[in-house]
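Reader: Please give me a close look at one part of this model: its interior. Keep it brisk, and take it residue by residue where you can.

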Amino acid sequence: MYGADPNNKHPMEGFPQICFIKNTVVNPNIIIGDYTYYDDPVDSENFERNVLYHYPFIGDKLIVGKFCAIATGVKFIMNGANHKMSGLSTYPFQIFGNGWEKVMPQIGELPFKGDTVVGNDVWIGYESTIMPGVKIGDGAIVAAKSVVVSDVPAYTIVGGNPAKLIKQRFSTEAIAALLEIAWWNWSIEKISRNLELIVSADIDALRSCE
């Protein structure tokens with residue numbers, strides 16, 4: 001056995017606040033990659049409570065890649081939070097019934113931003129909020145308490161409300177090389193053999209791994 005067992009809900013003995021969340025999610029529209037964890041001292045197995053307004057009739061997905069670190073209190077706002085904005089009022093009369101359902105909007109009348117997609121090896125900081133349809137690239141970092149309203153390029157650091165670019169983690173050439181190497185798609189045996197290089201900053205050495 002190499003490394004942590006991806007099928008173990010709590011891979012750190014004595015630390016139930018760390019949970020590999022792929023093993024706890026039941027909603028088919030939430031797709032989580034291997035080794036992605038959620039850190040929460042209250043209820044780490046209930047990650048789905050942080051995916052808000054995720055109504056099945058809308059059909060949008062939350063897709064999170066492998067080896068992501070999601071801190072306590074991170075929230076994903078899904079498309080079901082949106083109200084119809086083409087009329088004079090945005091108030092959702094229809095949800096209260098008793099005759100008001102006559103103004104039920106059609107799906108095409110509601111703002112729809114598409115699926116929310118988080119890449120691989122992404123770190124999302126404490127109590128950050130990810131808005132509907134946002135795409136976060138591989139290797140990105142979202143600073144604590146950020147509100148991410150637009151796409152985040154690979155290997156960049158963003159922060160604030162709304163989240164803005166803080167810096168690019170590596171050169172453009174290095175980022176292209178890392179995306180081509182895509183170490184997160186290697187077998188776990190190869191990853192385990194080359195951990196020292198994965199956590200180092202030597203891209204040429206990483207590229208030559210066997």
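Author: A residue counts as buried when its relative accessible area is under 20%, as exposed when that area is over 50%, and as partly exposed in between. Keep in mind that this is a predicted model.

Start with the cysteines. Cysteine 209 has 11% relative accessibility, which is under the 20% limit, so cysteine 209 is buried. Cysteine 19 is buried too, with a relative accessible area of 0%. Is there a partner for the sulfur of cysteine 19, or is the closest one too far for a bond? The closest cysteine sulfur belongs to cysteine 68 and is 15 Å away. A disulfide needs the two sulfur atoms within 2.5 Å. The 15 Å gap is therefore too far for a bond. The structure as a whole holds zero disulfides.

Next, the rings. The count of aromatic pairs comes to 12. One of them joins phenylalanine 47 and phenylalanine 76. Their centres are 6.1 Å apart, and their planes meet at 65°, which makes the pair edge-to-face. Phenylalanine 47 lies in the loop between β3 (37–39) and β4 (51–52), while phenylalanine 76 lies in strand β7 (residues 75–77). The pair therefore ties together parts that are 29 residues apart in sequence. Are the two rings buried or exposed? Phenylalanine 47 has 0% relative accessibility, so this residue counts as buried. Phenylalanine 76 also counts as buried, because its relative accessibility is 0%.

Set that against another pair. Tyrosine 91 and phenylalanine 96 are stacked, with 6.0 Å from centre to centre and 15° between the planes. Tyrosine 91 is partly exposed, because its relative accessibility is 44%. Phenylalanine 96 comes to 43%, so this residue is partly exposed as well.

There is also a ring cluster. Ring pairs link Phe20, Tyr35, Phe67, Trp183 and Trp184. A further ring has a charge over its face: lysine 190 lies over tryptophan 186, at 4.2 Å from the ring centre.

Back to phenylalanine 76, and on to its sheet. Phenylalanine 76 stands opposite isoleucine 130 in β10. Strand β10 covers residues 129–130, and two bridges join it to β7 in parallel. These strands belong to an open sheet of four, in the order β4-β7-β10-β13, with parallel pairing. β4 and β13 (147–148) are the edge strands, and each pairs on one side only.

Just before the loop that holds phenylalanine 47 comes β3. Aspartate 39 sits in that strand. Leaving out residues up to four places away in sequence, aspartate 39 touches Gln17, Ile18, Ile70, Ala71 and Thr72. Aspartate 204 is 165 residues from aspartate 39 along the chain, and their C-alpha atoms are separated by 33 Å.

Now strand β14, residues 156–160. How many of its five residues are buried? Four are, so the strand is mostly covered. β14 has pairings with two strands. Strand β12 (residues 141–142) runs parallel to β14, joined by two bridges. In that pairing isoleucine 141 stands opposite isoleucine 157. Strand β15 (residues 163–168) runs antiparallel to β14, joined by five bridges. Here threonine 156 stands opposite glutamine 168. β14 and β15 form a hairpin, with two residues between them.

β15 leads to the helix. What covers the buried residues of α1? The cover includes β15 and α4 (203–207). Helix α1 spans residues 172–181, and its buried residues include Ala174, Ile175, Ala177, Leu178 and Ile181. They sit on the same side of α1, because they cover an arc of only 160° around the axis. The face turned away from that buried side carries Thr172, Glu173 and Glu180, which are exposed. After α1 comes alanine 182, with a positive phi near 45°.

To put the interior together: cysteine 19 is buried but bonded to no other cysteine. Phenylalanine 47 and phenylalanine 76 pair edge-to-face. β14 is mostly covered, and β15 helps cover the buried residues of α1.

How values were computed: Residues numbered from 1 in each chain as written. Predicted model: local features only at pLDDT ≥ 70, side-chain atom pairs only at ≥ 80, totals over all residues. Heavy atoms only, no water. Buried < 20%, exposed > 50% of the residue type's maximum accessible area, 1.4 Å probe, protein only. Pairing = 2+ DSSP bridges. Phe/Tyr/Trp six-rings, centres within 6.5 Å; stacked < 30°, edge-to-face > 60°. Lys NZ or Arg CZ within 6 Å of the ring centre and 35° of its normal. Arc of directions from axis to C-beta. Contact = heavy atoms within 4.5 Å.
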